[in-house]
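I opened this entry to keep track of what I look up in the model. Short notes follow, one topic at a time.

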Amino acid sequence: MSKSIQTALHQNIPRLSGALPPELIELASSLLAQSHSKCSNLKAEEEVARTYVCANIACERLKTTLDLPQIEPRPPIAPKLYKKLYTYFDKTLLPGISRKRRRQNDDLEDRRPLPQRQLQTKGQTLDFRTNRTPRKGLKYGRIDEKLPKWVGPAIRQICKETETPNAVQHVIVGVESVWFQPCPNTERRDVVEKGHLAALVATIWSLVVSRLAEIDAGAITVKWVKQVLKLLNALKENDEVVKRIGLTDETWEGYETTSQKEHQAWLVEVNENWKEMEWWNNINEGSGLRQESQNDLNHSDSRIANDPGLGRMVDQRFEITEAKTAAYNKWKEAMLIKIQELVAQEPVEEMDVT
C-alpha cells in the first residue's frame, strides 16, 4: 500500500478508528492509477492534490457500503480550485472495482433488512437508531457533541485569533479524547486528576500546532500560550461566542478561568500519558497550520507585518522577503570588510610545539 494513499485516506476520515478497510485502499489506489492516464495534463498547482482527490472520491463512493465515519476533507490546494479538480476526476474516473464485486455489493445491499417503522403510542417518541456498529473512541456526528457547548466555539475562536485554522478539528478531537477516554498508559495505576478543562484546551492547542507546523513544542512561546489563556479567561465577554451559545448554566458547564500553572500541569500529563491515541496519530505532521489561496500568498507580507498570527509567524520563517534579503546583504557586506581587514594584517608566526 502506498504511504501517500494511506495518509490521504486518513486525512479525509480522521475519526476512523482501527485499520483502513482493504476495499477503501483498493479503490483509492485504482482511482490514482487511472488518473495518471486519464487525467494526466494537470497544472503544477493541481498535481499536488492528485492523490488526495482520489482518496476523497474513494471515501465518498464507499462511505455507505463501509459505514465510514464523517468525511472531513481538508484539500492541500485552494477550495475553489479543488472543487473543479474533484468534479473533473469524479466524472472521468470509473469505479475501481470489478463488475463481479459491484454485483456482490448490490446483492448485499438488496439483502439488507429494511428498518422497521415503529408505531408511536401515547407518551412515547419514536426512537430512530442507526445500524452503525459502536466503535471504541469518539462519537459520530458533530465531533464536539460530547463536550460542553462552550468548548467548540472557544477552540474555533482561538484558532481564528492565532490564524491556525487547520488545528480546529484536531484540537476538538484531542480535548474530547483526553477528557472522556481512559488513560491509554496501561502501566499507570493512579487515577488521573483532571484539572481545568479550559487549561486542557490551551494545552491540546499548543501540542497540535507544534505537530502541524513540525516544530518543537517549546517554539510555541509563552507569549502565544498567554494569548490563548487570556482569550479563554475572557470567553464570557466574547460577543461572538456568547451570540452563538448564550449564557445559560448548561451551556457553560465545566467552565472555569485558568492559569499558566494549570496549563503546564496538563502539558506534562498529556505528553507523558495521552499521545498513544487516534487524536495524536491522525495529525499529519508538517501539513501546515493554514491553507492560503494564491491571492493570499501574493499579499501575505503586508498582512504579516500588520497582523502577525501564529500561523503566519511560522510560515514567515520560510519566506524570502525584501527585508530578509536586505538584512542578509548588510550582514554579508560587513563580513567581507572584516575578512579584508583580517587578511591585510601581518600573519602571525606559527608556534613550534615540537
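**Helix pair α9 and α10**

At what angle do the axes of α9 and α10 cross, and within what distance do they come? I looked this up in a predicted model. The axes cross at roughly 145° and come within 10 Å. The crossing of α9 past α10 is right-handed.

I then listed the residues that meet. From α9 I have Ala198, Val201, Ala202 and Trp205. From α10 I have Trp224, Val228, Leu229 and Leu232. I sorted this contact by class: eight residues are nonpolar, none is polar and none is charged.

**Whole chain**

Next I stepped back to the full chain. I count 17 helices and zero strands. The chain has 354 residues, and 39% of them are buried. I also checked how far along the chain the contacts reach. Of the contacts with a separation of 6 or more, 76% join residues 24 or more positions apart.

**Cores**

Which residues have the most contacts inside the largest nonpolar core? I noted Trp150, Val175, Ile204, Trp205, Val270 and Trp279. This core has 49 residues. I wrote down the helices that each supply at least two of its residues: α7 (151-161), α8 (168-180), α9 (197-212), α10 (222-233), α11 (239-245), α12 (260-273) and α13 (278-281). The most comes from α9, which gives twelve residues.

I picked Val270 for a closer look. I left aside its neighbours within four places in sequence. Val270 is then in contact with Val178, Leu200, Thr203, Ile204, Leu207, Lys275 and Trp279. Another core lies apart from the largest one. This other core has 32 residues, including Leu32, Ile57, Cys59 and Tyr86.

**His170**

Is His170 buried or exposed? His170 is buried, because its relative accessibility of 9% falls under the 20% cut-off. I place His170 in helix α8. Not counting residues up to four places away in sequence, His170 touches Arg74, Ile204, Val208, Leu212, Trp279, Asn282 and Ile283. Two of these names, Ile204 and Trp279, are already in my notes as residues with the most contacts inside the largest nonpolar core.

**Helix α1**

I went to the start of the chain for α1, residues 3-12. Its buried residues are Ile5, Ala8, Leu9, His10 and Asn12. They pack against α2 (22-38) and α4 (50-62).

**Cysteines**

How many disulfides are there? The count comes to zero. I looked up two cysteines by accessibility. Cys159 is buried, at 2% relative accessibility. Cys183 is partly exposed, with a relative accessible area of 23%.

**Positive phi values**

I searched for residues other than glycine with a positive phi. Asp67 is one of them, with phi near 55°. Asp67 sits in the loop between α4 and α5 (79-92). At 21% relative accessibility, Asp67 counts as partly exposed.

Glu163 also went on my list, with a positive phi of about 55°. I find Glu163 in the loop between α7 and α8. Why does Glu163 count as buried? Its relative accessibility is 11%, and buried means under 20%, so Glu163 qualifies.

**Glu256**

Where does Glu256 lie? I find Glu256 in the loop between α11 and α12. Glu256 is partly exposed, at a relative accessible area of 42%. Leaving aside neighbours within four places in sequence, I note contacts of Glu256 with His196 and Ala198. Ala198 is also among the α9 residues that meet α10. I took one C-alpha distance here as well. The C-alpha atoms of Glu256 and Ala199 are separated by 9.0 Å, and these residues are 57 apart along the chain.

**Glu272**

My last lookup was Glu272, in helix α12. Why does Glu272 count as exposed? Its relative accessible area is 60%, and exposed means over 50%, so Glu272 meets the cut-off. The C-alpha atoms of Glu272 and Asn185 are separated by 8.6 Å. Along the chain, Glu272 and Asn185 are 87 residues apart.

Key:
Residues numbered from 1 in each chain as written. Predicted model: local features only at pLDDT ≥ 70, side-chain atom pairs only at ≥ 80, totals over all residues. Heavy atoms only, no water. Core = buried A, V, L, I, M, F, W, Y, C linked by side-chain atoms within 4.5 Å. Buried < 20%, exposed > 50% of the residue type's maximum accessible area, 1.4 Å probe, protein only. Helix = DSSP H or I, 4+ residues; strand = E, 2+ residues; numbered from the N terminus. Contact = heavy atoms within 4.5 Å. Disulfide = S-S within 2.5 Å. Axes fitted to C-alpha atoms, helices over the stretch in contact; angles between N-to-C directions. Left-handed = near helix turned anticlockwise from the far one by under 90°. Nonpolar A, V, L, I, M, F, W, Y, C, P; charged D, E, K, R; others polar.
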